[in-house]
Amino acid sequence: MELTVLGSASPYARPGNPCSGYLVRHGGSALWMDAGPGTLAELQRHVRPDRLDGVWISHLHADHAADLLTAYYALLYADLEPSGPVPLYGPPGTAERLRHFLSNQGPSRVEEAFDVRELYDGRTDRVGELVVESRAVEHGLPAFGARVGTEDPGGVLAYSGDTGPCPALAELAAGASLFLCEADLDAPSDGGAVHLTPEQAGRSAREAGAGRLLLTHVGPSQEPGEAVARAGEAFGGPVAYAAPGEAFSTG
């Protein structure tokens, strides 16, 4: 299984780095995970949007979901040739949110572009040759992380989505060969946090027994190299930064 980073910027796209978005491939299957601004363009370096087996959205903040709007137009009104609606796995309210944005010139055609399937804690879906388990995490609104595997031995990818510290993280990443985890905060916030610090990401990876840690969604107050070093001290294992365009294998 291979993870390609389409973008990892937070909370807005930067030159050369779109917001959160990732392409997961195994065999002939392709899954677009999170659709932050700018990721649709980068996705097309690897796969046509109408050839995707599915789209999975962790939560409905714009930096993770806004490119669904342009994907809608690409699928219905451009030169693509989808065989039917693309399966879209997203939090409760995903279809309504899209419909709200797309209905300014009459009824939208959301269901013609996307087959929307609402996530819940523990939901498991087969997306082509991939098996995706969604777990609820803490982000102040309905939000999910994902655990992605295959029926063949080939490693497990865990993705935190956006979240504060929560018990689901260790379960989500338990034994994962590659843990893609956000590290947005520079220092712990007062009260209930909805993001992780690099140290918290590292500790989560250590407690889960993950093989490798890949930091994403690094906040604007941090340099990626600094975040990697801080997470590495807490993890004690290999840590890298999810730089746009880079690919990582779970093998």
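These legends walk you through four views of a predicted protein model.

**View 1. The whole protein, from end to end.** Welcome to the full chain, a predicted model of 251 residues. Eight helices and 14 strands make up its secondary structure. The radius of gyration is 17 Å, close to the 18 Å that the globule rule gives for 251 residues, so the protein is as compact as a globular protein of that length. If you follow the C-alpha trace along its principal axes, you will find that it spans about 50 × 40 × 35 Å. Of the 251 residues, 54% are buried. The surface that the protein exposes comes to about 10200 Å², with carbon and sulfur atoms supplying 50% of it. Take the contacts between residues at least 6 apart in sequence: 61% of these join residues at least 24 apart.

**View 2. A cavity and the residues that line it.** Rolling a probe the size of a water molecule over the atoms shows where empty space is left. A search of the whole structure turns up one cavity of 30 Å³ or more. About 30 Å³ of space lies inside this largest cavity. Which residues line the largest cavity? Look for W32, P49, L52, V55, A71, L75, V86 and F114. The lining has eight nonpolar residues, with no polar and no charged ones.

**View 3. Helix α7 and the elements it packs against.** Here you can trace helix α7 through residues 198–208. An α-helix has 3.6 residues a turn, so residues three or four places apart point the same way. The buried residues of α7 are P198, Q200, A201, G202, S204, A205 and A208. What do these buried residues pack against? Their partners are two helices, α6 (167–172) and α8 (224–235), and two strands, β11 (178–182) and β12 (212–216). Just after α7 comes G209, where phi is positive, near 70°.

**View 4. Glycine G7 in strand β1.** Our last stop is G7, found in strand β1, which covers residues 2–7. Is G7 buried or exposed? Its relative accessible area is 0%, so G7 is buried. Leaving aside its neighbours within four places in sequence, G7 is in contact with the run N17, P18, C19, S20, G21 and Y22, and also with T39. For a sense of scale, try finding S189 as well: G7 and S189 are 182 residues apart along the chain, and their C-alpha atoms are separated by 25 Å.

Key. Residues are numbered from 1 along each chain as its sequence is written. This is a predicted model: local features need pLDDT of at least 70, side-chain atom pairs count only at pLDDT 80 or more; totals for chains, interfaces and linings use all residues. Side-chain values use heavy atoms; hydrogens and water are left out. On a 1 Å grid over the protein atoms alone, a cavity is a set of points where a 1.4 Å probe fits but cannot get out, and a pocket is an open set with protein on both sides within 12 Å along at least five of seven lines; lining residues have an atom within 4 Å of a point. Grid points are joined across faces, edges and corners, and a volume is the space filled by probe spheres set on the points. Ala, Val, Leu, Ile, Met, Phe, Trp, Tyr, Cys and Pro count as nonpolar, Asp, Glu, Lys and Arg as charged, and the others, Gly among them, as polar. Helices (H or I, at least four residues) and strands (E, at least two) are DSSP runs, numbered from the N terminus. The radius of gyration is taken over C-alpha atoms; the globule rule is 2.2 Å times the number of residues to the power 0.38. Buried means under 20% relative accessible area, exposed over 50%, partly exposed in between (1.4 Å probe, protein chains only). Contact means heavy atoms within 4.5 Å. Accessible areas come from the Shrake-Rupley method with a 1.4 Å probe; for residues, only the protein chains shown count as cover.
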